[in-house]
Amino acid sequence: MVVAVAKWQGRKGRPWRRIVAATKRLPPVCGRCGLQIDMTLPPNHRMSYTTGHRRARARGGVASVANARPEHRACNSSAGADVPGRRTQAFRRSQEW
Ligand SMILES: [Zn+2]
């Protein structure tokens, strides 16, 4: 049902959904690698559209439209706190064979 979407309160209840909507009005160009983002890809695709932070939350970035930008899922999830050498589980190996 559609109600589930309205109830969704991700990111600790911040108005993240509005921020995502705002970034979707921007050109779909990844803020990290500068390449275009294919909006037709499924959400779990590593090159799909996600909303990222200009400044990582771990470094004091806030969830606001000014601090958000389009990013590839792969670029976004590899961003982390921008600590060189620290390799987080970049993106789950969800290859669809
Ligand atoms: Zn990218």
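Begin by selecting strand S1, residues 49–53, which is mostly covered, since 4 of its 5 residues are buried; a residue is called buried if 20 or more other C-beta atoms lie within 10 Å of its own, exposed if 12 or fewer, and partly exposed in between, with the C-beta atoms placed from the backbone. Strands (E, at least two residues) and helices (H or I, at least four) are DSSP runs, numbered from the N terminus. What is on screen is a predicted model, in which local features need pLDDT of at least 70 and side-chain atom pairs count only at pLDDT 80 or more, while totals for chains, interfaces and linings use all residues. Residues are numbered from 1 along each chain as its sequence is written.

Next add strand S2, residues 68–72, which runs antiparallel to S1 and is joined to it by 5 bridges; two strands count as paired if DSSP finds at least two bridges between them. S2 is also mostly covered, with 4 of its 5 residues buried. To follow the pairing residue by residue, select Tyr 49, whose bridge partner in S2 is His 72, and then Gly 52, whose bridge partner in S2 is Arg 69. When looking at the side chains here, keep in mind that in a regular strand they alternate between the two faces of the sheet.

Move now to the loop between S1 and S2, and select Arg 55, which lies in it. Arg 55 is exposed because its count is 12 other C-beta atoms within 10 Å. Leaving aside neighbours within four places in sequence, Arg 55 is in contact with Gly 60, Gly 61 and Asn 67, where contact means that the C-beta atoms of two residues, placed from the backbone, lie within 7 Å. A C-alpha to C-alpha distance drawn from Arg 55 to Asn 67 should read 6.6 Å, although the two are 12 residues apart in sequence.

In the loop between S1 and S2, select Ser 64 as well. Ser 64 is partly exposed, because 15 other C-beta atoms are found within 10 Å. Its C-alpha atom lies 9.8 Å from that of Ala 22, a residue 42 places away in sequence.

From there, go to helix H2, residues 16–23, and pick Arg 17. Arg 17 is partly exposed, because it has 15 other C-beta atoms within 10 Å. The C-alpha atoms of Arg 17 and Thr 51 are separated by 9.9 Å, with their positions 34 residues apart along the chain.

Then show the whole protein, which has 3 helices and 2 strands and follows the pattern α-α-β-β-α when read along the sequence. Of its 97 residues, 14% count as buried. Among contacts between residues at least 6 apart in sequence, 51% join residues at least 24 apart.

Finally, colour by pLDDT, the predictor's confidence in each residue, from 0 to 100. The protein averages 76, and 64% of the residues score at least 70. Confidence is highest in S2, at 94, and lowest in helix H1, residues 3–7, at a mean of 49. Over residues 81–89 the pLDDT is below 50, and beyond near neighbours in sequence this stretch has 6 contacts in the model.
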